[in-house]
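Subject: Handing over a structure, with notes on its charged residues

Dear colleague,

I am passing this structure on to you, together with some notes that I hope will help you find your way around. Please look through the sequence and the model before reading on.

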Amino acid sequence: MPPLEDELFPSTPGKIKIERAHNLSMNRALQRCFTSTSTMFLWALFLIALMVSYMSIQSFVDSGSRYLHHTNSRVHGGGIVWEKQIRSSAQIRRHNGITVLVTGAAGFVGTHVSLALKKRGDGVVGIDNFNDYYDPSLKKARCALLDSHNVFVVDGDINDRRLLAKLFDLVAFTHVMHLAAQAGVRYAMENPHSYVHSNVAGLVTLLEQCKSADPQPAIVWASSSSVYGLNDKTPFSESDRTDRPASLYAATKKAGEAITHTYNHIYGLSITGLRFFTVYGPWGRPDMAYFSFTRNILQGKPITVYRGKNRVDLARDFTYIDDIVKGCVASLDTSGKSTGSGGKKKGGAPYRIFNLGNTSPVTVPTLVSILEKNLKKKAKKNVVEMPGNGDVPFTHANISSARRELGYKPMTDLPTGLRKFVKWYLSYYGYDHHSLPVN
């Protein structure tokens with residue numbers, strides 16, 4: 001390869017040597033100047049890149065620190081600030097108030113119960129693992145709502161024994177509202193282990209902590225109307241058979257009732273189980289039919305409406321969230337005290353089971369027609385026979401026991417409740433109600 005200076009000149013013969021020498025001298029000077037300028041330019045670029053890199057790294061570190069601070073403010077081991085937030089959230093602000101640990105606090109029912117307790121002056125600390133069974137952003141939005149009302153939610157799993165022990169060391173909980181669970185009937189066919197992990201193992205871990213606490217808290221927990229399974233006697237009463245579950249979800253809830261009875265019998269824990277009947281309303285669960293129907297109708301997508309055998313419409317005892325909350329709070333207030341301490345029973349303690357329903361089953365087609373009216377849009381319906389996925393054709397609650405013992409009286413019918421839900425849905429997801437088209 002020829003030298004650089006030869007590349008700068010033409011190779012045509014007959015050039016005068018002195019001119020070539022002069023030109024060569026000039027080119028060498030220019031080369032030195034060019035090389036020096038290039039070096040300076042490269043160094044300048046290097047310094048600029050270094051400064052930009054430093055600023056970017058510092059920004060990343062700062063944002064990372066903010067993220068870690070935000071994350072650690074909720075997780076186990078969050079330090080002094082974490083402990084201070086928990087104690088503050090647990091402070092009672094009314095005469096004869098209670099201090100409640102709410103599990104599943106960022107869930108649908110958990111959020112509403114936590115707010116109701118906090119608003120009346122009770123101490124409330126939440127715990128939730130923010131799993132992705134449905135869009136976690138909805139749980140985070142609920143958590144933000146709780147934050148705005150000074151309810152602190154710990155990011156953690158109820159199977160974490162050390163975390164539970166830490167919470168009970170920090171706060172002498174008088175009550176536990178246990179709402180954390182793997183929900184959904186159909187999902188159990190896809191991920192059965194999640195149901196055992198949350199609904200059975202998680203329950204036992206929590207009960208172990210409660211029975212060892214001194215003093216022991218009273219416990220109210222969410223069972224389910226699904227425990228009635230294949231029972232065809234209506235309306236469903238607490239004394240009916242519950243030994244024929246139709247789904248794994250139902251089986252884990254039935255197992256929970258047997259397990260809680262055992263801990264009541266052996267350790268003197270006061271325990272109340274609540275069999276919820278199809279809870280709906282604002283901030284609800286996206287996997288529920290009324291929620292997914294609303295989404296699909298607005299997006300112009302078809303909805304699947306199941307029918308039972310012989311083309312019988314499915315029916316549910318839809319229960320509005322405000323009525324469920326009243327039943328939960330009344331259960332806490334009337335729970336009675338646990339009688340053990342440090343895992344040792346000193347006497348008998350209350351053990352109760354209540355249905356919390358609306359007592360007025362409504363068919364799924366009627367539900368759809370109410371949604372259509374509120375959304376001002378017709379649904380595209382695919383009507384198919386109900387598959388063998390664990391669903392039952394109908395539910396209907398007998399609430400006489402809850403009415404008598406808790407003063408429970410549902411006040412919201414389905415048209416009223418769905419109107420409130422749709423109003424929330426349109427606001428939360430940014431729809432303009434007045435511009436919705438009419439089909």
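The notes below deal with salt bridges and then with the surroundings of one aspartate.

Please keep in mind as you read that this is a predicted model. A search of the whole structure finds 13 salt bridges, and I describe some of them here.

The pair I would begin with is Glu83 and Lys166, whose closest N and O atoms lie 2.8 Å apart in a salt bridge. This pair links distant parts of the chain, since Glu83 belongs to helix α3 (residues 79-89) and Lys166 to helix α6 (residues 161-170), with the two positions 83 residues apart in the numbering. Lys166 counts as partly exposed, because its relative accessibility is 26%.

A salt bridge also forms between the side chains of Arg94 and Asp122, at 2.7 Å from N to O. Here too, distant parts of the chain are linked: Arg94 sits in the loop between α3 and β1 (99-103), while Asp122 sits in the loop between α4 (108-119) and β2 (123-128), and the two are 28 residues apart. The partners differ in how they are classed, for Arg94 is partly exposed at 27% relative accessibility, whereas Asp122, with a relative accessible area of 1%, is buried.

Another salt bridge joins Lys378 to Glu372, where the closest N and O atoms are 4.0 Å apart. Glu372 has a relative accessible area of 9%, so this residue counts as buried. Returning to Arg94 and Asp122, you will find that they belong to one network with Arg120 and Asp333, joined through salt bridges that share partners.

The other place I would ask you to look at is Asp240, in the loop between β5 (218-222) and α8 (248-267). With a relative accessible area of 11%, Asp240 is buried, because the cut-off for that class is under 20%. The side chain of Asp240 makes a polar contact of 3.5 Å with the side chain of Asn231, and the Asp240 side chain also reaches the backbone nitrogen of Ser237, at 2.8 Å. If residues up to four places away in sequence are left out, the residues that Asp240 touches are Tyr228, Asn231, Lys233 and Pro235, so that Asn231 appears both in this list and as a side-chain partner in the polar contact.

With best wishes

Technical notes:
Residues are numbered from 1 along each chain as its sequence is written. This is a predicted model: local features need pLDDT of at least 70, side-chain atom pairs count only at pLDDT 80 or more; totals for chains, interfaces and linings use all residues. Side-chain values use heavy atoms; hydrogens and water are left out. Helices (H or I, at least four residues) and strands (E, at least two) are DSSP runs, numbered from the N terminus. Buried means under 20% relative accessible area, exposed over 50%, partly exposed in between (1.4 Å probe, protein chains only). A polar contact is a pair of N or O atoms within 3.5 Å; within protein, one must be able to donate a hydrogen and the other to accept it, and residues adjacent in sequence count only if both atoms are side-chain atoms. Contact means heavy atoms within 4.5 Å.
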